[in-house]
Amino acid sequence: MSEAALERQIRPIYDALDHGSNKSAINACNKVLKKYTSNTLVKALKALALTRSQKVEEALVLCDEILATVVTDDSTLSVMTHVLKGLARNSDMVAMFDNAFKQQPQSEELGAQTFFAHVRTGNWKSCQQVATRMHKQFQEDRYVYWAVTGAILQANDLGTPPNIRTLLYKLAHRHVTSCPTPSYLAVDRFHLHLLILQELQLWDEANTLLESDIGKSICSASLVCNETRREIWRKRGLYKDEGERAQEKIKNKDRNWLEFVSVIDAAFASVQGPDVSEEGKSECSENVARTRGFLNEIAELDGSNNRSASLALLELEKNAFSHGISSDESTLVHSMENYFSQFGDKACCFEDLRPCVDLGADAKSRWISFLASQEPSFATTGDLQRVINVRKLQRISLTALELSTDKESQLVSIYIEEYMAGLELGSSLPVTELQPADDLAILVGHGFVSLWTMTKDESYLYNAAVVLEFALTKSRMSFQIRLLLVRIYRLLGASSLALDHYRAINIKQVQNDTLSHFLLTRALTFSLSATGDLTYPSECIESSQIYVSNSQDVGFFTLLCFRDSNPLQIPEFVSFDDRLENSLQRDVVKLEHVRMRMTHEPINSDLIDMELIELKFVFDRFHHDNRDFGMLPNYQPACQPSLNDQTLMFGNSTGQGWLWYFLKIYIRAFQHASDLDDIVEEKLLIGDRPKKSPEPEVQLPLRERLAIRKPEEAAELTADELQLMEWATAVSDWLEPYHDYTRPPPAVVLAEANKQNELRTGLPLRGVDLKALNGDAHANGHSKKDEEAPPVKEPPQLVAQFFEHMHARFVQLQQSQCLPSDLLHVATLTQEAFLLFAVESHRFKTASVVKIYKLGALVQSLKDILLKTMSNDLLKMGEVAGSAERRKSFVESCKPITDFPKLHHDFVLNIAKNVGESRKKVLEGVGKGMVKICANYGQ
């Protein structure tokens, strides 16, 4: 049949795949393969349809058939790329393109596809080698810079030793200098050349490049090249030269802040370093005086149109005092007063002055007096902003002696009064606009949180919630107010309200990685998964979609950069991809999802095996902490913890240490309950393993890593979580000998997996030779072992008394009138321990195992460990939380703010009702979930 006729038969396959009709695509492929049994393109299309239909074993067989031949046609290679990516077989994809390029070394397109295949897998060494070969073969300059970029990315890899890193940069330098086309013909290539020279400290060559006419022209037009030039000059110690050049640019109306930084650095060049002579200080004093005069001239020239020179004066005076050039802070305070007088009506004024407010007693007294002399006015938005800046600056300047509940209450009343007055200026704004007085409402929240921190009286949190909820009726788009409410409602145990505000922020794209910690940190505390409410698990899955799209989008843009000869952005894309792929928050959310999944789904071998493999991958990663805590504004006094620290639930966040500890708990429990050992896992795992962290600790055997305990990691856990960790370790140590004794050998496990796969697909397991293992594949299930069973020991005291201890802890917290979140924390940790015990004892619930291995006495010991359910107490608390009495108490607690007409009784009562219903929902939900879990897994 002709190619045209074959194309007509293949077209329906493509159409079916495009429309998601995988079954139709498979049938169409089978029809064509009857006539063309060896057509690799049709086989590849069938493999793609099978992969999308989750028929992995059948797809693997077809992949092996195709990869056994050398595929060179573009269509088949393109389809196989999608198939192998779907199966996570990146190494096979690379080998496929390598073989194709070796078969047709004259094909430039195949060479490029081979290079891109290595880019997708992050194999930068191979990228550099393939690009070098392509340059020799096709003599195109862009391939030189492909090789340069590959060498730089390999050098920047965490696993590259320092000496090899230097060699790779030298290799990149040789590629650039040997290229027939000079680097200065393209800005991106010129910048890449500068970065290489900077890394190798080839200052003379860099100077030659920068001082050339074309170099000066590029730096004058490119900010990024000019910034690199500035860094090179500083590393060469040319502070004065750079300062003189910057002064000339400033005189010519250039107001780039980096130029002002260069002027300031030049003024203090003589006092850089540990040993500073008196001559250096004298010279610096003269330089500071000259620079002060220069900046004053520019500031007078610019007036209020540009604040760069005035801000530089502040920086100059602050550095002069810190370096000991000036012993009198009065000059700094004078500059601060002038700056506030000129720019106090701008929102940036507070952040500009904040670094300068750490003053001595006399200077601080003068500064506070100046702020107090500012008369509040609400005539214009500029006047309102000046009032806001005064309140912020006064607040952060408060000392520990000045702070008291009376002082904070007085400040809160002032903030509310001024907020209500400031609302008049935004009365005509559309609902999508922010109110100019929003920061005053946030200051109210700061004040009430501070009062709660000092007194532990949750009524102050009620007041904060009411004022902030009112502020949202005027400024519903304020994400800062909503984030603060998320924190407050989590403290109060009103988790559904926290979720509503978090969703109202409308988090997008990478913000799911940087901001999801506000909601999903210790989300198990509020999860109702045990009762079938999958709200929080769904939120975990939704927030994790960014990582799936990232792996596709960033790879695509990286390839575009290579194609378009834009090497400058490639390291940035690669770094972005690495930070998201190995995000700490990603794996914290993953672990939270596992914790919640166990409360909802039956604990069986499928769940245990799947989560064991995935958590071991997580345990091997090097993590980047991308969480953004700075989105929550902080105007608390310097003598207090930040607002972020004050509103953290249980006083700390879930960082690397918390993740490590809980991974060790779950990996060890799943290891004991699973029949997968390293041999079985290697045989059954489909696709490539993720890249391991180069950290020395990660190279240790898994058993040793699971036993490591570090104080700095334990510091991220609450006292109750530490108790859970100690209990889990004791349980694992107690039951480990029995798990090791009863676990079937690899051949038995693989034989059973092979049997199940044949029943499901009609095909044996790929790549598993049962006879080659140990001749034991004929074994059917468990069999007696030659060695004696380990003697049955009584459970350790910590294990036996853990649940009684947690119940006593729960009762103690009840009596202390703590926040609901604290009670829920203890309850859900107790529930989690019960589920972990169910995992640890999962193997011993099979009667045949108990009989064969004579473990009757052990099983009897397990039955003696019971959960002291807290469900009744939680259900009673839920009823109280939603009662009319509690709403009345809430309203009475808000009397300090109901004197303001807009914060009337009905508004406060509505907030009280919402908080009460939200608390009732989570308390009753957790209580009912504990009852259900006890019924499912009770001994």
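**Exercise 1. The surroundings of Trp727**

Which residues does Trp727 touch, not counting residues up to four places away in sequence?

*Solution.* The structure is a predicted model, and the contacts are read from its atoms. Once residues up to four places away in sequence are set aside, Trp727 touches Leu798, Val799, Phe802, Phe803, Ala833, Leu836 and Phe837. The next step is to place Trp727 in its wider setting: the largest nonpolar core holds 165 residues, and Trp727 is one of the four, together with Trp367, Tyr489 and Tyr666, that touch the most other members. Apart from this core lies another, of 59 residues, which includes Val42, Leu50, Ala100 and Tyr143.

**Exercise 2. The chain as a whole**

Describe the secondary structure, extent and burial of the protein chain.

*Solution.* Begin with the secondary structure, which comes to 50 helices and zero strands. The C-alpha trace spans about 90 × 85 × 60 Å along its principal axes. Of the 939 residues, 52% count as buried, and the chain exposes about 42,000 Å², of which carbon and sulfur atoms supply 50%. Finally, consider how contacts are distributed along the sequence: among those between residues at least 6 apart, 73% join residues at least 24 apart.

**Exercise 3. The two sides of helix H12**

Determine which residues of helix H12 are buried, how they are arranged about the axis, and what they pack against.

*Solution.* Helix H12 covers residues 203-211, and within this helix Trp203, Ala206, Leu209 and Leu210 are buried. Viewed down the axis of H12, the buried residues fall within an arc of 125°, so they line one face of the helix. The face turned away from this buried side carries the exposed residues Asp204 and Thr208. To complete the picture, the partners of the buried residues are helix H11 (187-200), helix H13 (213-221) and helix H14 (223-235).

**Exercise 4. Three salt bridges compared by setting**

For the pairs Lys590 with Glu614, Arg595 with Glu592, and Arg843 with Asp675, give the N to O distance, and then the placement and accessibility of the partners.

*Solution.* The general idea is that side chains of opposite charge can pair when their charged atoms come close. A search of the whole structure finds 48 salt bridges, and the three pairs can be taken in turn.

- Step one: Lys590 forms a salt bridge with Glu614, with the closest N and O atoms 2.6 Å apart. The pair links distant parts of the chain, since Lys590 lies in helix H33 (residues 584-600) and Glu614 in helix H34 (residues 605-619), 24 residues apart. Lys590 has 19% relative accessibility and therefore counts as buried, the cut-off for that class being under 20%, while Glu614, at 32%, counts as partly exposed.
- Step two: the side chains of Arg595 and Glu592 meet in a salt bridge at 3.0 Å, N to O. These residues are three apart in helix H33, so about one helical turn separates them. Arg595 is buried, with a relative accessible area of 4%, and Glu592 is buried as well, with a value of 0%.
- Step three: the side chains of Arg843 and Asp675 meet at 2.8 Å, N to O. This pair also links distant parts of the chain, 168 residues apart, with Arg843 in the loop between helix H44 (820-840) and helix H45 (847-852), and Asp675 in the loop between helix H36 (656-673) and helix H37 (678-684). Arg843 counts as buried at 6% relative accessibility, whereas Asp675 is partly exposed at 28%.

Beyond these pairs, a network of salt bridges links Arg229, Arg230, Glu242, Arg245, Lys249, Asp254 and Glu259.

**Exercise 5. Two loop residues**

Is Phe526 buried or exposed, and is Leu185 buried or exposed?

*Solution.* Phe526 is found in the loop between helix H29 (517-520) and helix H30 (535-543), and at 1% relative accessibility Phe526 counts as buried. Leaving aside neighbours within four places in sequence, Phe526 is in contact with Arg490, Gly493, Ser495, Tyr536, Met649, Ser821, Leu824 and Val922. By way of a distance check, the C-alpha atoms of Phe526 and Thr558, 32 residues apart along the chain, are separated by 40 Å.

Leu185 is found in the loop between helix H10 (162-178) and H11, and Leu185 is exposed, with a relative accessible area of 59%. Together with Tyr184 and Ile214, Leu185 makes a nonpolar surface patch of about 280 Å².

Notes:
Residues numbered from 1 in each chain as written. Predicted model: local features only at pLDDT ≥ 70, side-chain atom pairs only at ≥ 80, totals over all residues. Heavy atoms only, no water. Buried < 20%, exposed > 50% of the residue type's maximum accessible area, 1.4 Å probe, protein only. Helix = DSSP H or I, 4+ residues; strand = E, 2+ residues; numbered from the N terminus. Arc of directions from axis to C-beta. Contact = heavy atoms within 4.5 Å. Salt bridge = Lys/Arg side-chain N within 4 Å of Asp/Glu carboxyl O. Patch = residues over 30% accessible without salt bridge, like charges linked within 9 Å, V, L, I, M, F, W, Y side chains within 5 Å. Areas by Shrake-Rupley, 256 points an atom, 1.4 Å probe, with all protein chains shown as cover. Core = buried A, V, L, I, M, F, W, Y, C linked by side-chain atoms within 4.5 Å.
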